[in-house]
Amino acid sequence: MEYTKIPMTPEAWFRHLFKSKAALGGGVVRRNVRDMERMVGRQTFYRELARRGYSAVENAGQVVVFCNAEDIQMTARRGQTLVESLVENPLRGFRGRVSSKL
């Protein structure tokens, strides 16, 4: 079995990530999760984010790092089905079943 050579040290990977123009300006940077895990490891990555006061989100094999200490607010998400959108609400009279009048 042939092992893939890791091209840089974890310190160099973090330096490359956080010295980018976007990161230095308080913006966002994106990296492949597989590369992050291979280069520095998930726990080391989380510790470094916490040390810097940064946040990150992960989706579809990518991790997006917010290089600032601002709160993150979710503004859009996947579409919902009709049943998921009809949360039980006594004010609307919905009690867990869809009416045929809908």
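Which residue in S3 does Val57 stand opposite? Val57 stands opposite Val64. The legends below describe close-up views of a predicted model.

**View 1. The sheet is open and has 3 strands.** The strand order is S1-S3-S2, and the pairing is antiparallel. Strand S1 (28–32) and strand S2 (55–59) form the edges. Each of these edge strands pairs on one side only. Neighbouring strands are turned by 20 degrees against each other on average, direction ignored.

**View 2. Val64 of S3 has partners in S1 and S2.** S3 spans residues 62–66 and is joined to S1 by 5 bridges. These two strands run antiparallel. Arg30 has Val64 as its bridge partner in S3. Another 5 bridges join S2 to S3, again antiparallel. Here Val57 stands opposite Val64.

**View 3. A hairpin links S2 and S3.** 2 residues lie between the strands. Ala60 sits in the turn and has a positive phi of about 50 degrees.

**View 4. The largest nonpolar core has 15 residues.** Trp13, Phe18, Val40, Phe45 and Val65 touch the most other members. At least two core residues come from each of H1, helix H3 (33–39), helix H4 (42–52) and S3. H1 supplies the largest share, with 4 residues.

**View 5. Val40 touches four residues beyond its sequence neighbourhood: Pro10, Trp13, Phe14 and Phe45.** Residues up to four places away in sequence are not counted here. Val40 is also among the core members that touch the most others. Trp13 and Phe45 belong to that group too.

**View 6. Helix H4 has a buried side and an exposed face.** Phe45, Glu48 and Leu49 are buried. Why do they lie on the same side of H4? They cover an arc of only 100 degrees around the axis, which puts them on the same side. The face turned away from the buried side carries exposed residues: Gln43, Arg47, Ala50 and Arg51. The buried residues of H4 pack against H1, H3, S2 and S3. Gly53 follows the helix, with a positive phi near 80 degrees.

**View 7. Glu48 of helix H4 contacts two arginine side chains.** Is Glu48 buried or exposed? Glu48 counts as buried because its relative accessibility is 13%, and buried means under 20%. Its side chain makes a polar contact with the side chain of Arg51 at 2.8 Å. A polar contact with the side chain of Arg52 has a distance of 2.7 Å. Glu48 also touches Phe14 and Phe18, leaving out residues up to four places away in sequence. Of its partners, Arg51 is one of the exposed residues on the face of H4 turned away from the buried side. Phe18 is one of the core residues that touch the most other members.

**View 8. Ser20 sits in the loop between two helices.** The loop joins helix H1 (10–18) to helix H2 (21–24). Ser20 has a relative accessible area of 19% and is therefore buried, since the cut-off is under 20%. A polar atom of the Ser20 side chain lies 3.1 Å from the backbone oxygen of Leu17.

Note on methods
Residues numbered from 1 in each chain as written. Predicted model: local features only at pLDDT ≥ 70, side-chain atom pairs only at ≥ 80, totals over all residues. Heavy atoms only, no water. Buried < 20%, exposed > 50% of the residue type's maximum accessible area, 1.4 Å probe, protein only. Polar contact = N/O pair within 3.5 Å; in protein donor to acceptor, adjacent residues only side chain to side chain. Pairing = 2+ DSSP bridges. Axes fitted to C-alpha atoms, helices over the stretch in contact; angles between N-to-C directions. Core = buried A, V, L, I, M, F, W, Y, C linked by side-chain atoms within 4.5 Å. Contact = heavy atoms within 4.5 Å. Arc of directions from axis to C-beta.
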